[in-house]
Structure formats: structure tokens, C-alpha cells
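Open the model in your viewer and keep the sequence panel beside it. This tour tells you what to select at each stop and what you will find there.

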Amino acid sequence: MRSMFNWLKKLNPYRHRAFVRELLALRAQRGPYRFAVREWRGISDMELARRVLEVESFRSEVQPLPLPVEKLKSILVLAPHQDDESIGPGGSLLLASKAGVKIHVLYITDGAQTKTDQPANVRFVRAQEAERACAQLGAQVHNLGISNLAPKPSLDDVDRLSNIILETKPDIVMAPWLLDWPSKHRLVNHLLWLAHKRSGIGDFEVWGYQVHNTPFVNGYVDITTVAEEKRRLLECYQSQNRFCRYDHIAMGLAAWNAHLFESTPDPRYFEVFCALPGAEFFQLVADCYFDDLSKTYRGDLSVIGGLEAAHQAVMRESSRGKNRHKVRQSEEHSTVRHYLWRRPERITYDPSDIKG
Ligand SMILES: [Zn+2]
């Protein structure tokens, strides 16, 4: 027993986790599936994923096209957190910046975190890291400052987002791809929709960028010539790379994206996007996100509850015809038809369902 105790003491936290996984793997050998479910509430967006997959815009015949990132006038990147703009479209922004495109980055949340291994002043640290990354990008920084721990966007926040779009006049708004899994990444698309609904903004394309999973790729940017610069950009975010090597992961994603294209003798790196005209993007958000928010936000009660006031206010305005613009008839219809604010149901399960 004593030797077992001494042996355990030698384990560092990472070894501990690996050990727990090995135990779970042993247990899984006796069950039908070789995995352990960590959080059941999170596995709730299968239906949403299926519906987005079935949308006509993303048929399997789609041939991704190069996106004219160097020919634009102005890009506005909506980044949920201080690093998403670099992990996702960082290489494209470097290319655009070199070509003289005006770049704006709007950070939606304040970047607060409760991870115990983070410095106490994490918001300040992340803001500084973002300033450094944006300096490399030649980008102007904007902040919405919504709490990352308990996001509760107000109508003022929605209007500030509209105003930044009106002021910066982007040809392209970049936002996390619709099905990127973190709830605060999906929140960004929701906020953009609310801004559109309330103020009529939407005269731009929306390019959904890749952070945590692959989008339906209909556009790409070959970032091979700036791959090393992108790596350095990602190194600005030491506070985040400490616990997850996003610098490593993002370069891996960009390398993996090369499988979509003809192979060449030299390694190549690509950033991929789901690029849609504004009107289609807003239609897709209305059709896919609002049916059941507990599924869209994968049971994240803080985001669902936090969004409710602003969303309901915009919908009430809309039903009274008070919006400052006239929404397209079809969109209004689909929103009313699909819109239901269901309280997220707690998903329960019987552990005996998992044999083992
Ligand atoms: Zn993020």
C-alpha cells in the first residue's frame, strides 16, 4: 500500500489525467463503446448539426474557391476571445494587411477565466496579448467587453456592435463558423443576428472561420507564405498556450486543411471558411439557432439565460414593427415559425445504459 502511495505521489497532474484515462479505457473494454462521456448536456446539438448540414448552400458538390482577401477594402473580425482572430483567420489577415486592407478586430468578451492556473489579472494579460497580436496584424482593436464568465449582453451592446459595423464599413465580417462548438463562439453569430434584426446592418459577406472544428468549406486562403508569421502571431498568446498549445494546434489545422486541395511536394497551409452573403447568413442563423437554444448552446445555462433579455427585447420590437429597418418577409416568417424560447431541459441518463 505504501509503495502504491509513493508511486502515486510521483505522478504530476498530467500523468494523473493520463492514468484516469487509462482506467476509463479499461472500463470501456467491457462496454459497447470505447469512450467515456464527460458531460451529457453538451452532446445536444446533433439535430442542429444535421439541419445545418442539410442546408442547400453546403452540398457535397461544393468546390472551395480562393477568397480574394488581398483585394478587400476593410475586414472586421468578430473574435469571441483574445486569440480567436489569430487561431482562425490570422494568416489571411496577415496577407490582407500586407496588401493594405484595413483590419478591425472586435473582441466580444472580456476574456475572464476561472482556470486555476491562470494569473489573477487574466483579463489584463489577455488584453495586452491581443494588443501585441493586433499590432503585428496592423489591426485596430475594439472591445465589447461582455463578461466571459457570465455573458449578459444588453441592447446597448447590440447597438455598439451595429455602430462599429456602420463606422468601419467592412466588405467582410469574419465570425466563428456557425457550428464551432464553444457556446461563446456561437453567441457571436447570435449577437450579429440581433444587430441585423435591430438595425438592419447586413450589407457585407460573413466568412465563418475555423477554430475548433471544420466548417463547410466553400472558400479558402493559401497562407503558406505567411505560415511562420502566423506561428509568431499565435505565440503572442502565452497565457492561453500555457494550458493548451493553440499555436501548435492552429498550425496543425492549417496543415490538415491541405488535404482539401491537390497535393504538392512542399507542405502547404490553408485557412478555410464558410463564406456566405449577409442575407443568407442571417437566414441560416434564424433557421438553425433559435429552434431550441438549449441544443444550440449545448446546455450552457449562463449563455442561454444571459441572452434572453436582449433577444426577447429585439423580438418584441420586431413584432411591434419598431425595428429601424424592414426585414425580409421570408426571414420574418421563418423566425416567427421557428422561434421558441424553451427552458433548457436537463438531460438525464441512466448510468446502467452504459454497460460496463
Ligand atoms: Zn474562443
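Select leucine 284. Leucine 284 is buried because 22 C-beta neighbours lie inside 10 Å. Buried means 20 or more other C-beta atoms within 10 Å of the residue's own, exposed means 12 or fewer, and partly exposed is in between, with C-beta atoms placed from the backbone. Leucine 284 sits in helix α12, residues 278–289. Helices (H or I, at least four residues) and strands (E, at least two) are DSSP runs, numbered from the N terminus. Now add arginine 51. Its C-alpha is 9.8 Å from that of leucine 284, although the two are 233 residues apart in sequence.

Two ground rules before the next stop. Residues are numbered from 1 along each chain as its sequence is written. This is a predicted model, in which local features need pLDDT of at least 70, side-chain atom pairs count only at pLDDT 80 or more, and totals for chains, interfaces and linings use all residues.

Colour by pLDDT, the predictor's confidence in each residue, from 0 to 100. The protein's mean is 83, and 78% of its residues reach 70 or more. Then select residues 326–351. There pLDDT stays under 50. For this stretch the model has 35 contacts beyond four places in sequence. Two residues are in contact if their C-beta atoms, placed from the backbone, lie within 7 Å.

Go to leucine 48 in helix α3, residues 46–54. Leucine 48 counts as buried because it has 20 C-beta neighbours inside 10 Å. Leaving out residues up to four places away in sequence, leucine 48 touches Cys288, Lys295 and Thr296. Show aspartate 291 as well. From leucine 48 to aspartate 291 is 8.9 Å, C-alpha to C-alpha, across a sequence separation of 243 residues.

Next, the sheet. In what order do the 8 strands of the open sheet run? The order is β1-β7-β8-β6-β5-β2-β3-β4, with mixed pairing. The edge strands are β1 (65–66) and β4 (139–146), and each pairs on one side only. Two strands pair if DSSP finds at least two bridges between them. Strands of a sheet pair through backbone hydrogen bonds, either parallel or antiparallel.

Start at the β1 edge. β1 pairs with β7 (residues 219–222) in the parallel sense, over 2 bridges. Select proline 66 and tyrosine 220 in β7, which are bridge partners.

Move to β5. Of its 5 residues, 5 are buried, so β5 is largely enclosed by the rest of the structure. β5 runs parallel to strand β6 (residues 205–209), joined by 5 bridges. β5 also runs parallel to β2, joined by 3 bridges. Select methionine 174. Its bridge partner is valine 77, and methionine 174 also stands opposite tryptophan 207 in β6.

Step across to β3. It is mostly covered, with 7 of its 8 residues buried. β2 and β3 pair in the parallel sense over 6 bridges. Select isoleucine 75 to find its bridge partner in β3, isoleucine 103. β3 and β4 also run parallel, with 6 bridges between them. Here leucine 106 stands opposite histidine 142 in β4.

Now show helix α7, residues 155–168. α7 lies across β2 (74–79), β3 (102–109), β4 and β5 (172–176), and runs at about 170° to β4. Axes are lines fitted to C-alpha atoms, for helices over the stretch in contact, and angles run from 0 to 180 degrees between N-to-C directions.

Add helix α8, residues 183–199. The axes of α7 and α8 come within 9 Å and cross at roughly 80°. That makes α7 roughly perpendicular to α8, a term for angles of 65 to 115 degrees. Select the contact: Val158, Asp159, Leu161, Ser162 and Ile165 of α7, with Leu191, Leu194, Ala195, Arg198 and Ser199 of α8.

Finish with two backbone stops. Most residues other than glycine have a negative phi, and most peptide bonds are trans. Lysine 169, in the loop between α7 and β5, has a positive phi near 45°. Lysine 169 is partly exposed, with 13 other C-beta atoms within 10 Å. Arginine 298 has a positive phi near 50°. Its loop lies between α13 (293–296) and α14 (301–319). Is arginine 298 buried or exposed? Arginine 298 is buried, with 21 other C-beta atoms within 10 Å.

Key:
Angles under 35 degrees count as roughly parallel, over 145 as roughly antiparallel, 65 to 115 as roughly perpendicular and the rest as oblique.
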